[in-house]
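User: I should like to go through this model with you, a few points at a time. Could we begin with how the helices pack?

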Amino acid sequence: MEEMMKVVPLVLRTIFWVALMGLSGLLFHLFNRVWLKSKKIRKKLQMQGIKGPPPSFLHGNLAEMHKIQFQATKAASNHADQILAHDYTSTLFPYFEHWRKEYGLIYTYSTGMRQHLYVNQPELVKEMNQCITLALGKPYYVTKRLAPMLGNGILRSNGLIWAQQRKIVAPEFFMDKVKGMVGLMLESAQPLLRKWEDYIEDQGGVTADIQVDEDLKGVSADVISRACFGSSYFKGKEIFLKLRSLQKAISQQGFLLGVTSFGFLQTGKQKEISSLEREIESLIWKVVKEREQECLETCSSEKDLLQLIMEAAMTDQSLGKDSAKSKRFIVDNCKNIYFAGHESTAVAASWCLLLLAIHPEWQDRIRKEVAQVCPNGLPDVNSVMNLKTVTIVIQEVLRLYPPAAFVSREALEETQVGNIVIPKGVCLWTLIPTLHRDPNIWGPDVNDFRPDRFTDGVSHACKFPQAYIPFGLGPRLCLGKNFAMVQLKVLLSLIVSNFAFSLSPKYRHSPAYKMIVEPGNGVHILIKRI
Ligand code: HEM
C-alpha cells in the first residue's frame, strides 16, 4: 500500500510532464509553422507597399472584425427612408468599409492564421478576374463548408476539374439555348400572375398587400426545374425543396470568416446536413435512372439540361468509364445549377420589384415598351431581345443591389496579379457592391436609381466597365448570365404589364447575407390590376 502511494504521485508527475511537453510542442509548432509562416506571407505583401490592420497572435484581426460588426449592428438604424443611399456593405460587412477608409482600395488583413487581400481597385479587380491561370481558384476554407450542397461541382471546383466541367456545362447556357427556354419561362410565370389576381380578389378586389419573395422563388425553381429536368420537373421541385433546406442549414453556420464553432455544438446540424445530402443524392439518381429507362424506350429530341449533363458524363473522356465518377459529375452539377440558377435570380427579381415600387415612372416606361415590342403583351424569343428599357432597369438594380456580394479567390500557388505577387495561400476578396457605388467610377449620382445611365451600354455608364461585375468577369464569369437576364426580362415585363405597384408600409429595409444578399424581411408591395 505504502509502495502504491509512492508510485501514484510519480505517475501523475510523469503525465503532467508529458502533457506539458506535448503542449509546448504544439505551441512551438503553432508559433513556428503557422504564425511565422503567416508573418512571412504578410511581410511579402507589406514589402510591396500593402498595409493593413495589425493582427494579434492566433486570432489575426477576428476580434476587431467582431467588434466592428457588433458596433455596426447596434448602430444600424432603420434604413427604410434611404433605400437607395444605403450601401449594404456598411451594415453587413462594416469591417471592410472601416479598413477601406483607413488603408485604401488594397489592404491585407487576417482571420486566424489565414492572410487575405482586399482588392477593390478597379485596375487590379480587372487583372484578378481576367487572370487565366489555374493557380487562382475558389478559396478552399469557404467552399469546403459548402461541399454537402455543391459536391465538387463547377461552383466550388478548381484547376483542371473546374476547366473540364466548365467546358461541358457552359454551352448549355449559350444564348441560342437560352432563347429556346423563353416558352418555359412564360409557362412558369403564369401561375404567379393568377395567384396575385386571387390575392387582389381575396383582399376586396382592388388592391392587395403582398410579400413577393417566396412567389418569385417558386417561379425560378419552376423555371430551373423545367430547364434541368424537363418532363420530370415535378420531381426536380422536390429535390430543390430539399436543397433549399440544406442551404438554410449550411448558411446558419457562419462560414464566411472561417471560424468553426465547437464540434459538439454542431453535431445536430451536421446530422441534418448529412441526411439531406444523402436524400438529395438518391432523389437525383432516381430521376437519372428513370430518364435512362425512358431513353431506352423513346428519347425525346428536345433535350433538357439533365439529359445533356448525362450525355456529357457518358462521353467525356476525362470521366472515362468510371461510373462512380460519372454519377458524382451528374449529381454535383445538377445541385450546382440549381443553387446558382434558382436563388440568385429570384432575389434579383425581389430587388427589382422593390426599386420599381418606389419608381412608378419606370413601371410606366416598361409598360409602354412591352406594349410596343411584344405581340399580345407576351414576350417571345424575338421580342425579349428588344426589351431595352427592361434591360437597363435590371442592370441598374444589379448595380445597386447585386445579390452576389463578393468575388473571391485563393492563390493556390504564388501568382502575379497586375503588379502584385500574391503569395500562396492568400485569399483575395472584391466587394461587388462597393465597386458599384464608387463615385470615382460612376459619378456623383452613384446612389440614385438612374437606369438610363446604361442606355448606351456599360462602357458609357461608368469610367471603368470592368468595375460593373454583378455576374463576375473573366474565366469564371457566371455561366447563367444570359439565362438569368432573359428570365428576369420575361418575369418583369409580365408582372409590370399586368399590375401597378407601390411599396407597402409593411416593408422594412434590412438586407441580409445568407450566402447571397437578400431583403432580410422580404419585399412587401401594394398591387392593383392595370
Ligand atoms: C441574377 C442572377 C445571378 C447572379 C447575380 C449571378 C452571379 C454570379 C457570380 C457573381 C458568380 C461568380 C463569378 C466569379 O466567381 O468570378 C457566378 C457564378 C456562376 N453562376 Fe451565376 N448568377 C446568377 C444567376 C445564375 C444562373 C441562372 C445560373 C445557372 C442557371 C448561374 C450559374 C452560375 C455558375 C455555374 C457559376 C460558376 C461559374 C464558374 O465558376 O466557372 N448563375 N454567378
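**Helix packing and selected residues**

Analyst: Certainly. This is a predicted model. Helix α15 passes α21 in a right-handed crossing.

User: At what angle do the axes of α15 and α21 cross?

Analyst: The axes of α15, residues 323–357, and α21 cross at roughly 40 degrees and come within 10 Å. Angles from 35 to 65 degrees fall outside the parallel and perpendicular classes, which makes α15 oblique to α21.

User: And α17 with α21, how far apart are their axes?

Analyst: The axes of α17 and α21 are 10 Å apart, and the two helices pack at an angle of about 115 degrees. The range 65 to 115 degrees counts as roughly perpendicular, and α17 and α21 are therefore roughly perpendicular to each other.

User: Which hand does the crossing of α17 and α21 have?

Analyst: The crossing of α17 and α21 is right-handed.

User: What about α11 and α21, at what angle do they cross?

Analyst: Helix α11 spans residues 213–229, and its axis crosses that of α21 at roughly 130 degrees, the two coming within 12 Å. The helices α11 and α21 are therefore oblique to each other. In this pair, too, α11 passes α21 in a right-handed crossing.

User: Let us turn to the metal. Which protein atom is the donor to the iron atom of the ligand?

Analyst: The SG atom of Cys 478 is the single donor from the protein to the iron atom of the ligand, at 2.3 Å.

User: Where is Cys 478 placed?

Analyst: Cys 478 is in the loop between α20 (458–461) and α21 (481–498). That second helix, α21, is the partner of α15 in the packing described above.

User: Is there anything in the records on that cysteine?

Analyst: There is. An unreviewed UniProt entry gives Cys 478 the feature "binding site".

User: How accessible is Cys 478?

Analyst: Cys 478 has 31% relative accessibility, so this residue counts as partly exposed.

User: A change of topic: backbone angles. What is phi at Asn 376?

Analyst: Phi of Asn 376 is about 60 degrees, a positive value, although the residue is not a glycine. Most residues other than glycine have a negative phi.

User: Where does Asn 376 lie, and is it buried or exposed?

Analyst: Asn 376 lies in the loop between α16 (360–373) and α17 (388–400). With a relative accessible area of 77%, Asn 376 is exposed.

User: And Met 515, what is its phi?

Analyst: Met 515 also has a positive phi without being a glycine, with a value near 75 degrees. Its place is in the loop between β10 (511–513) and β11 (517–519). The relative accessible area of Met 515 is 11%, so Met 515 is buried.

User: Back to helices. Which residues of α5 are buried?

Analyst: In α5, residues 122–130, the buried residues are Pro 122, Leu 124, Val 125, Met 128 and Asn 129. Seen down the axis of α5, these residues fall within an arc of 160 degrees, so they line one face of the helix.

User: Why might residues at such spacings share a face?

Analyst: An α-helix has 3.6 residues a turn, so residues three or four places apart point the same way.

User: Finally, where is His 116, and is it buried or exposed?

Analyst: His 116 is in strand β2, residues 114–119. At 0% relative accessibility, His 116 counts as buried.

User: How far is His 116 from Gly 230?

Analyst: The C-alpha atoms of His 116 and Gly 230 are 43 Å apart in space, and the two residues are 114 residues apart in sequence.

Terms used: Residues are numbered from 1 along each chain as its sequence is written. This is a predicted model: local features need pLDDT of at least 70, side-chain atom pairs count only at pLDDT 80 or more; totals for chains, interfaces and linings use all residues. Side-chain values use heavy atoms; hydrogens and water are left out. Donors are N, O and S atoms within 2.8 Å of the metal (3.2 Å for Na, K and Ca); water is not among the atoms, so sites may look incomplete. Helices (H or I, at least four residues) and strands (E, at least two) are DSSP runs, numbered from the N terminus. UniProt positions are given in the numbering used here, feature names are shortened, and annotations may be inferred rather than shown by experiment. Buried means under 20% relative accessible area, exposed over 50%, partly exposed in between (1.4 Å probe, protein chains only). The arc is that of the directions from the helix axis to the C-beta atoms. Axes are lines fitted to C-alpha atoms, for helices over the stretch in contact, and angles run from 0 to 180 degrees between N-to-C directions. Angles under 35 degrees count as roughly parallel, over 145 as roughly antiparallel, 65 to 115 as roughly perpendicular and the rest as oblique. A crossing is left-handed if the near helix is turned anticlockwise from the far one by less than a right angle, and right-handed if clockwise.
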